[in-house]
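Welcome to a short set of exercises, each with a worked solution. Have the viewer open and try each task before reading on.

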Amino acid sequence: MNVKHLKTKVTIELSVEEYTEFVRQVNKLDGIVSGLTEFHDLYVSDLGRLDSLRWRLSELFGLEWDRDSYRYIKSTKGNS
């Protein structure tokens, strides 16, 4: 994966494997949201999936947690 932060846009280039993983994570999110809307219930296993999705997306988009603002920001570590 290659993330390029330009002045007016961000470009993300994914390998086929990374794209496949992104689609897999979106499908997991869809399953969790469907369960919430259909049953109004969140399973404990869904919490682990959501945490994994958060981690993978923050890694994919080159984000890091900022304790001061209590949110994710663009990483200052080695990303373009």
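**Exercise 1. Work out how strand 3 and strand 4 pair, and describe what joins them.**

Solution. Step one: strand 3 and strand 4 (residues 71-74) run antiparallel and are joined by four bridges. Strands here are DSSP runs (E, at least two residues) and helices are runs of H or I with at least four residues, both numbered from the N terminus; two strands pair if DSSP finds at least two bridges between them.

A word on the source: this is a predicted model, in which local features need pLDDT of at least 70, side-chain atom pairs count only at pLDDT 80 or more, and totals for chains, interfaces and linings use all residues. Residues are numbered from 1 along each chain as its sequence is written, and side-chain values use heavy atoms, with hydrogens and water left out.

Step two: find the partners. Leu-63 is opposite Lys-74 of strand 4, while Trp-65 faces Tyr-72 of strand 4.

Step three: look at the connection. The two strands make a hairpin with four residues between them. Tyr-70 sits in this loop, and its phi is near 60°, a positive value in a residue other than glycine.

Step four: check the cover on Tyr-70. Its relative accessibility is 65%, so Tyr-70 counts as exposed (exposed is over 50% relative accessible area, buried under 20%, partly exposed in between, with a 1.4 Å probe and protein chains only).

**Exercise 2. Sort the residues of strand 3 by face: which are covered and which uncovered?**

Solution. Start from the general pattern: in a regular strand the side chains alternate between the two faces of the sheet. Now apply it to strand 3 (residues 63-66): Glu-64 and Asp-66 belong to the covered face, and Leu-63 and Trp-65 to the uncovered one.

**Exercise 3. Is Ser-75 buried or exposed, and what does Ser-75 touch?**

Solution. First, place the residue: Ser-75 is in the segment after strand 4. Next, its relative accessible area is 12%, so Ser-75 is buried. Then list its contacts (heavy atoms within 4.5 Å): leaving out residues up to four places away in sequence, Ser-75 touches Gly-62, Leu-63 and Glu-64. Finally, the C-alpha atoms of Ser-75 and Leu-63 are 4.8 Å apart, although twelve residues separate the two in sequence.

**Exercise 4. Describe the surroundings of Leu-50 in helix 2.**

Solution. Helix 2 covers residues 44-60. Leu-50 has 29% relative accessibility and therefore counts as partly exposed. Beyond its neighbours within four places in sequence, Leu-50 is in contact with Leu-29, Ile-32 and Leu-42. As for Gln-25, 25 residues away along the chain, its C-alpha atom lies 9.2 Å from that of Leu-50.

**Exercise 5. Zoom out and characterise the whole chain.**

Solution. Begin with the elements: there are two helices and four strands, in the order β-β-α-α-β-β from the N terminus. Turn to the dimensions: the C-alpha trace spans about 45 × 35 × 20 Å along its principal axes. The radius of gyration is 15 Å, against near 12 Å for a compact globule of 80 residues (taken over C-alpha atoms; the rule is 2.2 Å times the number of residues to the power 0.38). Close with burial and contacts: buried residues make up 16% of the 80, and among contacts between residues at least 6 apart in sequence, 29% join residues at least 24 apart.
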